[in-house]
Amino acid sequence: MLVTVEGIVIGRRSIGETSCFIDVLTDEYGVIEAVAHGVKKLTSKNAGAANLFSYSKFCFSKTGLRYTLNSAEPKYSFHGISGDLEYLALAAYFAEVIKYSSAAEQEANGFLRFMAITLYELDKKRYSLDFIKAVFELYISVLLGFSPDLRACTVCANYEHEKMFFDYDEACIICGDCIDSYDMPGNDIFPLSQEVLYAMRYIVYSPADKIYKLTLNEQDLKVLSGITEKFLLKQLDRSFKSLDYYRSVK
């Protein structure tokens with residue numbers, strides 16, 4: 001059986017001297033793990049299309065649940081990422097999150113487009129790494145079904161208040177009038193400035209092609225980055241070695 005799909009190579013592992021396993025993020029089948037024979041040879045016709053973080057059109061032979069790469073046609077290559085260790089480390093963290101979160105043989109609509117947009121921003125270096133990381137962590141939470149409810153106070157439905165608080169455990173916000181009577185003892189609750197809450201709302205409720213059109217000062221961005229990382233890791237109930245590595249090189 002032949003399978004033709006568009007996707008992004010988000011993982012690559014060597015098999016001997018000339019071949020690789022490649023992990024390809026697709027909309028139709030989630031993350032496909034495929035054998036790419038001879039792809040490490042300079043003369044391989046699929047070498048460029050099967051590089052890490054290449055966006056390509058792939059043709060696979062499928063036998064049961066096993067995929068083998070037949071051919072690949074490159075559509076876009078994010079060259080700017082591979083030339084910078086910090087950007088490459090952050091992209092590897094994003095890829096590990098997606099590989100962990102995407103089930104094989106299940107549709108992953110929205111993931112491919114969002115990953116392409118994110119890699120494009122890493123490639124063009126128009127925004128800070130902290131900003132791209134924060135946007136990715138919060139928006140991927142939305143795609144995974146962990147979207148926080150930021151519409152209004154969960155107790156009184158107040159949309160705006162001088163003081164707002166974020167409950168990591170319930171993924172909701174509480175206003176200053178209700179926080180003292182909020183009956184969730186032991187929950188992890190963090191105060192939000194109006195600017196950080198606005199940024200979170202913007203990311204959660206905007207379409208994927210708009211989420212990076214946002215500006216924050218350095219202090220608010222630092223707070224936002226801490227919130228988004230903690231929230232994603234809490235929802236997934238784990239950390240990632242690639243995140244530890246990114247921290248070590250940043």
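The following questions and answers concern a predicted model, its nonpolar cores and one pair of helices.

Visitor: Which residues have the most contacts inside the largest nonpolar core?
Guide: Leaving aside neighbours within four places in sequence, M115 is in contact with I8, I10, L25, F53, A91, F94, A95, I98 and F136. Apart from the largest core lies another, of 17 residues, which includes V5, V9, I22 and I32. Within the largest core, which has 69 residues, those with the most contacts are M115 and L122.

Visitor: Is I10 buried or exposed?
Guide: I10 is found in strand β1, which covers residues 2–15, and, with neighbours within four places in sequence set aside, I10 is in contact with residues including L25, L52, F53 and M115. Its relative accessible area is 3%. Because buried means under 20% relative accessible area, I10 is buried.

Visitor: How is helix α5 oriented to helix α6, roughly parallel, roughly perpendicular or oblique?
Guide: Helix α5 (residues 194–205) and helix α6 (residues 218–236) pack with their axes 10 Å apart and at an angle of about 55°. Angles under 35 degrees count as roughly parallel and those from 65 to 115 as roughly perpendicular. The angle of about 55° therefore makes α5, relative to α6, oblique.

Visitor: How many nonpolar, polar and charged residues has the contact of α5 with α6?
Guide: The crossing of these two helices, α5 and α6, is right-handed. On the α5 side the contact is made by E195, V196, A199, M200 and I203, and on the α6 side by D220, V223, L224 and I227. By class, the contact of α5 with α6 has seven nonpolar, no polar and two charged residues.

Conventions: Residues numbered from 1 in each chain as written. Predicted model: local features only at pLDDT ≥ 70, side-chain atom pairs only at ≥ 80, totals over all residues. Heavy atoms only, no water. Core = buried A, V, L, I, M, F, W, Y, C linked by side-chain atoms within 4.5 Å. Buried < 20%, exposed > 50% of the residue type's maximum accessible area, 1.4 Å probe, protein only. Contact = heavy atoms within 4.5 Å. Axes fitted to C-alpha atoms, helices over the stretch in contact; angles between N-to-C directions. Helix = DSSP H or I, 4+ residues; strand = E, 2+ residues; numbered from the N terminus. Parallel < 35°, antiparallel > 145°, perpendicular 65-115°, else oblique. Left-handed = near helix turned anticlockwise from the far one by under 90°. Nonpolar A, V, L, I, M, F, W, Y, C, P; charged D, E, K, R; others polar.
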